[in-house]
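Colleague: I'm new to this one. Can you walk me through it?

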Amino acid sequence: MTQQSESPTTRTTSTSTTSRTTTNTTTQEADAPAGPSPFAPPSPFAPPFPPLAAPRPLGERRVWPHTFHDRLTAPLPGIKALARFAREGSVRPGREGLADIPRLPFEPSPLPRVDARTIAVSWAGHASWVVRIGGLTVLTDPVWSRRILGTPARITPVGIAWSALPRVDAVVISHNHYDHLDAPTLRRLPRDTPVFVPAGLAGWFRRRRFTQVTELDWWEAAELSGVRFDFVPAHHWSKRTLIDTCRSLWGGWVLTAPDGQRVYFAGDTGYGHWFTRIGERYPGIDLALLPIGAYDPRWWLSDVHCDPEEAVRAAQEVGARRMAPMHWAAFVLSAEPVLEPLTRVRAAWERAGLDREDLWDLPVGGSRVLDVAG
């Protein structure tokens with residue numbers, strides 16, 4: 001993979017009833033020093049490197065480049081790759097690979113009771129989590145639909161009933177692919193729900209009458225009720241129609257509570273250099289929500305989806321104390337057997353010599369609580 005620039009150039013437009021100003025800003029990041037050893041707690045006196053950006057205003061209207069192709073860490077498939085895929089590729093497992101669908105872990109349970117000093121995560125399925133942090137309820141990439149465009153119906157039900165959700169205080173979106181940005185689900189939300197999205201995606205929400213949309217570039221942040229939302233890079237891409245390839249950005253989110261506890265939601269990503277950079281900038285991640293599925297065939301998907309072994313390596317490189325796997329067991333998006341991601345991530349975790357208690361391999365519908373003592 002080729003490392004791309006971390007120095008985004010954007011134009012920010014601030015509008016009031018009396019004036020309109022446009023400011024060009026460029027941020028340059030120096031090479032970072034080596035990060036902490038995997039799973040070693042950072043020194044509480046060590047500042048992040050480089051310093052974190054000041055939070056941007058909520059709902060700020062901004063103007064972005066026409067395309068984000070320069071952020072790709074690998075070229076998108078060309079004609080030869082598409083021809084090979086048409087000739088030999090497979091996007092679904094065979095009958096044997098689907099035979100384990102009844103064995104997929106599905107154990108819906110009530111959401112845990114938490115207070116403002118407690119972090120809890122509940123897995124609705126795929127990349128959809130209910131994250132309770134700093135007194136807020138945050139949804140990640142909410143997809144409560146039974147079916148999404150271009151794929152078969154879900155192979156496990158949604159693990160958390162929509163009616164069981166508390167008031168949703170915020171939503172974070174990683175990118176615009178249909179299995180992460182689901183219009184029917186988002187229509188269920190009040191239009192004044194705060195939404196945090198990648199650069200270039202705010203228009204999609206405003207056209208649907210969402211009124212509190214904050215779009216961010218990589219390494220930028222916003223703050224809501226004391227919880228910090230940092231948008232971080234991922235090895236992926238974006239596309240929703242035939243004419244909008246890479247017109248909006250893609251990435252993950254680091255959520256930081258007022259007391260410093262952190263959850264990293266990786267969104268959808270392949271393996272690469274960004275994990276080390278994220279760990280350097282956000283030391284002390286308490287939990288990493290990392291994708292482990294949709295990886296076969298590797299020659300076709302390795303640039304955009306981690307396999308289970310890569311996900312374990314990524315958890316170590318971001319310095320996360322715990323890892324919760326996601327992006328499997330809900331939709332059949334690729335050719336690996338449906339239960340294989342779980343068996344492989346457990347084996348990779350054991351081979352890495354990591355504490356079994358720190359692998360939060362939840363069933364769909366399951367929850368875990370991280371208290372202050374951790």
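Modeller: One term before we start: a residue is buried if its relative accessible area is under 20%. The model is predicted. Of the 374 residues of the protein chain, 56% count as buried.

Colleague: How many helices and strands does the protein chain have?

Modeller: Eight helices and 16 strands.

Colleague: And of the contacts with a separation of 6 or more, what share joins residues 24 or more positions apart?

Modeller: That share is 69% in the protein chain.

Colleague: Let's talk rings. How many aromatic pairs are there?

Modeller: The structure holds 16 aromatic pairs. One of them is Phe 85 with Trp 300, and that pair is stacked. The centres are 4.2 Å apart, with 15° between the planes.

Colleague: Where do those two sit in the chain?

Modeller: Phe 85 is in helix α1, residues 79-88. Trp 300 is in helix α6, residues 298-301. They are 215 residues apart, so the pair links distant parts of the chain.

Colleague: Is Phe 85 buried or exposed?

Modeller: Phe 85 is buried, because its relative accessible area is 18% and the cut-off for buried is under 20%. Trp 300 is at 24% relative accessibility, so that residue counts as partly exposed.

Colleague: What about Trp 218 and Trp 250, how is that pair arranged?

Modeller: Edge-to-face. The planes stand at 80° and the ring centres are 6.4 Å apart. Planes over 60 degrees apart count as edge-to-face, so the label follows from the angle.

Colleague: Which parts of the chain does the pair tie together?

Modeller: Two loops. Trp 218 lies in the loop between β9 (213-216) and β10 (221-224). Trp 250 lies in the loop between β11 (227-232) and β12 (252-256). The parts are 32 residues apart in sequence. Both Trp 218 and Trp 250 are buried.

Colleague: Which residues form the aromatic cluster with Trp 218?

Modeller: Trp 219, Trp 250, Trp 274 and Tyr 282 form one cluster with Trp 218.

Colleague: Which charged residue sits over the ring of Trp 218?

Modeller: Arg 71. Its charged end is 4.9 Å from the centre of the Trp 218 ring. Trp 219 has an arginine over its face too: Arg 281, at 4.1 Å from the ring centre.

Colleague: Arg 281 is in α5, right? What is the state of that helix?

Modeller: Helix α5 covers residues 274-281. Seven of its eight residues are buried, so the helix is largely enclosed by the rest of the structure. Arg 281 is one of the buried residues, and so is Trp 274 from the aromatic cluster. Phe 275, Arg 277, Ile 278, Gly 279 and Glu 280 are buried as well.

Colleague: What covers them?

Modeller: The cover includes the strands β11, β12, β13 (262-265) and β14 (287-291). Helix α7 (308-317) is part of that cover too.

Colleague: Switching to pockets. How much space lies in the largest pocket?

Modeller: About 1100 Å³. It is lined by 38 residues. Nearest its centre are His 177, Trp 237, Trp 300, Leu 301 and His 305.

Colleague: So Trp 300 again. Which helices supply the lining?

Modeller: α1 and α6 each supply at least two residues. By class, the lining of the largest pocket has 20 nonpolar, 11 polar and seven charged residues.

Colleague: And the second largest pocket, what is its volume?

Modeller: About 380 Å³. It has 19 lining residues, and Gly 200, Leu 201, Gly 203, Arg 207 and Arg 247 are the closest to its centre. Helix α4, residues 202-206, gives the most to this lining, with four residues. The classes are six nonpolar, five polar and eight charged.

Colleague: How many cavities of 30 Å³ or more are there?

Modeller: One. The volume of the largest cavity is about 130 Å³. Its lining counts 15 residues, with Ala 329, Phe 331, Val 332, Leu 333 and Glu 336 closest to the centre. That lining divides into 10 nonpolar, four polar and one charged.

Colleague: Last one. Where is Thr 185?

Modeller: Thr 185 is in helix α3, residues 183-186. Its relative accessibility is 1%, so Thr 185 counts as buried.

Colleague: What is Thr 185 in contact with, leaving aside neighbours within four places in sequence?

Modeller: Thr 185 is in contact with Pro 142, Val 143, Trp 144, Ser 145 and Trp 162.

Notes. Residues numbered from 1 in each chain as written. Predicted model: local features only at pLDDT ≥ 70, side-chain atom pairs only at ≥ 80, totals over all residues. Heavy atoms only, no water. Phe/Tyr/Trp six-rings, centres within 6.5 Å; stacked < 30°, edge-to-face > 60°. Buried < 20%, exposed > 50% of the residue type's maximum accessible area, 1.4 Å probe, protein only. Lys NZ or Arg CZ within 6 Å of the ring centre and 35° of its normal. 1 Å grid on protein atoms, 1.4 Å probe; cavity = no way out; pocket = protein on both sides within 12 Å on 5 of 7 lines; lining within 4 Å. Points joined across faces, edges and corners; volume = space filled by probe spheres on them. Nonpolar A, V, L, I, M, F, W, Y, C, P; charged D, E, K, R; others polar. Contact = heavy atoms within 4.5 Å.
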